[in-house]
Amino acid sequence: MKRVVFFLTVLAAISGSITAQERYITRGAEEGELYMSVHWYCDYGFWGDTVYDAILHITENGKKVAINHSVESRPPDSGIADSLPMQIYHVIADATPGVLYNVDWCYDTEVYPYTRLWFSDDYGKSWEMRDKNIGQNRYYVSNFEGLMYRGGEWNGISKSSDYANTWTLLHEKGYISRSEPYFKECELFGISGSYPTDPWSLYYTNDCFDTYTVIPIGEEYVYGKIGGWAPNVFRGGLPGEMYVTSGFPNNVFKVSFSADTGYNFRIVYQRDGYRDFMSDRKAGDFYIVSQRTIATEQPWGWYTRVCIEHYTDYGETLAGTDCHDLTRDGVVTAVEEMEEANGHIIIYPNPIERELRVASYELQMDEIAIWDIMGRKVLLQKAENRKQNELDISHLPVGMYFVQLITDRGVITRKVVKK
């Protein structure tokens with residue numbers, strides 16, 4: 001263990017070795033409550049396909065799901081940083097009932113990337129923009145009502161205590177990434193590293209990063225970035241509790257738990273295939289969430305099925321698994337649990353620069369298609385073999401895309417980002 005006094009110098013090295021924290025699922029203010037952003041459904045059309053995104057309000061530990069907001073997916077456009085409607089992307093919630101935030105990004109006329117923060121106080125049904133900054137900014141909600149933190153490469157580190165209406169600058173330089181606020185104000189922890197050159201460690205601060213402590217993590221709990229997914233860290237239900245998620249070779253996903261602020265861990269969940277994870281406000285409870293797309297013929301397209309596994313007793317008990325079909329008419333239908341094909345697909349790297357690799361060791365892939373966010377098919381390739389296929393996407397513009405796989409178990413769709 002070591003204590004670092006000069007935060008700005010050392011944190012710059014940390015932030016350069018890790019990628020941005022992106023969460024599509026967040027705990028709500030109440031026990032058993034989650035919010036989630038999903039690709040809801042897609043209609044295939046003659047002049048192009050239309051994809052819709054939605055914000056889900058999940059209650060009763062996954063037993064009930066409601067679609068609280070929906071928008072048509074659109075790419076980041078140039079020249080409309082202020083006029084572009086909100087895009088559903090990265091949802092976060094604080095300890096206030098009904099309060100939800102959404103982070104999206106766009107460009108201005110000079111092609112500078114902007115990060116925007118949106119605010120809702122009615123469970124995600126209506127929204128207003130609360131913050132906009134140049135560059136890639138990260139927002140982190142705390143365990144308090146209205147308290148959150150913002151970190152950006154160009155904007156330093158700031159704190160807001162009034163639901164992002166006003167901000168107080170804490171550090172002019174410095175950048176927080178892959179962090180999570182804890183149980184006290186100015187208390188945060190995060191995870192950093194870059195396998196295999198820089199061993200993964202936890203960092204912890206109780207003074208808003210004026211100083212912080214570094215705690216190494218064993219390789220049995222954190223490996224590195226697998227299939228585009230980097231390790232992540234979440235707070236538990238009690239002070240001192242935290243969870244770490246990580247991918248491992250051979251498509252293994254693990255969740256580890258610590259009750260002493262990261263000094264000792266134990267594995268509480270392990271399964272093939274990456275899943276979304278979120279801890280509950282109730283001590284010992286957490287959720288494993290997975291998605292798959294269901295192809296339809298009338299109308300031609302697909303919709304999303306979401307399955308939520310609820311674990312209690314720190315992973316000792318699977319309390320229940322609930323699956324829900326998000327049909328086009330906005331009716332959420334509960335369905336029986338099914339084995340999902342998504343866990344057998346690996347798509348990497350993500351974000352992508354030139355070459356995308358798609359691998360499966362259990363599914364027979366027939367075709368691989370890439371669609372842009374406007375629903376246009378920009379690449380179609382026959383799958384060459386059962387295990388791995390390589391796609392050259394260097395000619396595609398920067399932005400978000402959907403990789404659609406035609407397999408012997410159905411259609412699978414994943415989201416990727418070209419940088």
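# A strand-rich predicted model

The protein's secondary structure comes to one helix and 33 strands; both are DSSP runs numbered from the N terminus, with helices (H or I) of at least four residues and strands (E) of at least two. This is a predicted model, in which local features need pLDDT of at least 70 and side-chain atom pairs count only at pLDDT 80 or more, while totals for chains, interfaces and linings use all residues. Residues are numbered from 1 along each chain as its sequence is written, and side-chain values use heavy atoms, with hydrogens and water left out. Here is a tour, topic by topic.

**The protein as a whole**

- Of the 419 residues, 58% count as buried, where buried means under 20% relative accessible area, exposed means over 50%, and partly exposed lies in between (1.4 Å probe, protein chains only).
- The accessible surface comes to about 17,700 Å², and carbon and sulfur atoms hold 49% of that area; the areas come from the Shrake-Rupley method with a 1.4 Å probe, and for residues only the protein chains shown count as cover.
- Taking contacts with a separation of 6 or more, 50% are between residues 24 or more positions apart; a contact means heavy atoms within 4.5 Å.

**Aromatic rings**

- The model holds 24 aromatic pairs, counting rings of Phe, Tyr and Trp (its six-membered ring) whose centres lie within 6.5 Å; planes under 30 degrees apart count as stacked, over 60 as edge-to-face and the rest as tilted.
- One of these pairs is tyrosine 44 with tryptophan 371, stacked at 5.6 Å centre to centre with 5 degrees between the planes.
- That pair links distant parts of the chain, 327 residues apart: tyrosine 44 sits in the loop between strand S3 (34-43) and strand S4 (50-59), and tryptophan 371 in strand S29 (residues 365-372).
- Tyrosine 44 and tryptophan 371 are both buried.
- Phenylalanine 286 and tyrosine 311 have ring centres 5.3 Å apart and planes at 15 degrees, so this pair is stacked too.
- Because phenylalanine 286 belongs to strand S23 (residues 286-297) and tyrosine 311 to strand S24 (residues 300-312), the pair ties together parts that are 25 residues apart in sequence.
- Phenylalanine 286 and tyrosine 311 are both buried, and ring pairs link them into a cluster with Phe234, Tyr243, Phe253, Phe257, Tyr269, Phe277 and Tyr314.

**Charges over rings**

- Arginine 150 lies over the face of tryptophan 167, 4.5 Å from the ring centre; the rule asks for NZ of Lys or CZ of Arg within 6 Å of the ring centre and within 35 degrees of the ring normal.
- Lysine 254 has its charged end over the ring of phenylalanine 248, at 4.2 Å from the centre.

**Two open sheets**

- Strands of a sheet pair through backbone hydrogen bonds, either parallel or antiparallel.
- One open sheet has four strands in the order S10-S11-S12-S13 with antiparallel pairing; two strands pair if DSSP finds at least two bridges between them.
- At its edges stand strand S10 (137-141) and strand S13 (168-171), each with a single partner strand, so one side of each is left without a neighbour in the sheet.
- Neighbouring strands of the S10-S11-S12-S13 sheet are turned by 25 degrees against each other on average, direction ignored; axes are lines fitted to C-alpha atoms (for helices over the stretch in contact), and angles run from 0 to 180 degrees between N-to-C directions.
- Strand S12 (residues 156-160) pairs with S13 in the antiparallel sense over three bridges, and serine 158 stands opposite leucine 169 in S13.
- Another open sheet of four strands runs in the order S18-S19-S20-S21, with antiparallel pairing.
- Its edge strands are strand S18 (232-235) and strand S21 (266-272), each pairing on one side only, and neighbouring strands of this sheet are turned by 20 degrees on average, direction ignored.
- Strand S20 (residues 252-258) and S21 pair in the antiparallel sense over six bridges; valine 255 has tyrosine 269 in S21 as its bridge partner.

**Loop residues worth a look**

- Alanine 95 lies in the loop between strand S6 (90-92) and strand S7 (100-107) and is buried, with a relative accessible area of 18%.
- Alanine 95 and glycine 28 are 67 residues apart in sequence and 7.1 Å apart in space, C-alpha to C-alpha.
- Leaving aside neighbours within four places in sequence, the contacts of alanine 95 include Ser142, Phe144 and Arg281.
- Most residues other than glycine have a negative phi.
- Phenylalanine 209 has a positive phi of about 75 degrees; this residue lies in the loop between strand S16 (198-205) and strand S17 (212-216) and is buried at 1% relative accessibility.
- Threonine 261, in the loop between S20 and S21, has a positive phi of about 60 degrees.
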